[in-house]
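Please look at the structure below with its helices in mind, and consider which way their residues face.

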Amino acid sequence: MGEPSATEPEQPGEQEAGEPVIATRALTKRYRGGQLAVDGLDLTVPAGSVFGFLGPNGSGKTTTIRMLMGLIEPTSGTARVLGRPVPRATRAVLPHVGALIEGPALYGFLSGRDNLLRYDCADPAADPRTRRARVAAALDRVGLTAAAGKKAKAYSLGMKQRLGLAAALLQPRRLLVLDEPTNGLDPQGMREIRTLIRALASDGTTVFLSSHLLDEIEQVCTHAAVMAQGRLLAQGPVAELAAGARGLLVVTTPDGAEAARVLKEQGVGDITVTGDRVTGEVPDRDLAEVNAALVAAGVRVRGFTVERASLEDAFVALTGEGFDVAG
Ligand SMILES: Nc1ncnc2c1ncn2[C@@H]1O[C@H](COP(=O)(O)OP(=O)(O)OP(=O)(O)O)[C@@H](O)[C@H]1O
């Protein structure tokens, strides 16, 4: 730990074009009690992505984030953030990273604005002459200008979370790391945070957020990694992860039994008939031919569609179990 070596670039700003914002190789953490929390993690977070770090409780997300932020030492393996090794270059990296981990630390008796002024004061690199303008801009960014004079203890959970984000945004950041940013929020609060994340990403900030909510990742993230029991199961663009799980062929017809017979002939596997809905795996052949075969056999086809696989389908296909398993 300590000083950068001569071969490392001095500033994270010198991260090479195309280099991932976060890259880990065989990153592993075994806690002192013997718990293997993160096991050989190879994570690649592309610049400009909104990256969802997904996994059930206890799958190792927080442990990974704490290693990336230099808060704990890995047992083995390496991690680079903004082109620099952590924890060795943590001090050079962190000023470029806004983090919201385990809820913001706020003083309830201070107003939202005064909380931010305090945060800004604590930053030795922050120019006191521009402090008020910086705080006003951050409040505006998260939509708290009108509530800026209220005591933080009177804030809703969503407002507190937004104030925490405002604190992370007092300085321009190249990377935002958010640990379960919508945890405990009501649907309205969740929507507000999601909208904010999208807005930040559209300004070019890379956002890395952990979540155990699949639909949340699907709604805001461009990329995702799926963790279970400390291991990485898959990572990549969300659309590709979902496409990895095949969709479901759905035929709507009053002639279920006959449809099932024809579909089987056509190579459709795992057929289920429920009322007028016949479903099965999407076969490799041209779907127009499958449809034509149904019609030729006299099946009255009222609907013929492929339901797109969701990230949840992909997760179930990867793990063989539902997502809401306790780790
Ligand atoms: N300080 C610690 N000492 C020992 N074991 C720990 C410690 N912190 C976490 N663990 C264990 O490591 C594993 C991974 O925990 P971690 O908190 O990283 O998971 P997570 O995916 O972030 O889950 P959650 O969403 O519940 O925070 C769990 O089995 C947990 O019990």
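Helices (H or I, at least four residues) and strands (E, at least two) are DSSP runs, numbered from the N terminus. With that in mind, helix H9 is followed by Gly267, whose phi is positive, near 90°, and just after H6 comes Gly204, with a positive phi of about 100°. This is a predicted model, in which local features need pLDDT of at least 70, side-chain atom pairs count only at pLDDT 80 or more, and totals for chains, interfaces and linings use all residues. Residues are numbered from 1 along each chain as its sequence is written.

A residue is called buried if 20 or more other C-beta atoms lie within 10 Å of its own, exposed if 12 or fewer, and partly exposed in between, with C-beta atoms placed from the backbone. The table lists the buried residues of the two helices.

| Helix | Residues | Buried residues |
|---|---|---|
| H6 | 187-202 | Glu192, Ile193, Leu196, Ile197 and Leu200 |
| H9 | 256-265 | Ala259, Ala260, Val262 and Leu263 |

In H6 the buried residues cover an arc (that of the directions from the helix axis to the C-beta atoms) of only 135° around the axis, which puts them on the same side of the helix. On the other side of H6, Pro187, Gln188, Thr195 and Ser202 are exposed.

The buried residues of H9 cover an arc of only 170° around the axis, and therefore lie on the same side of H9, whereas Ala257, Lys264 and Glu265, on the other side, are exposed.

Notes
Expected span 1.5 Å × (residues − 1).
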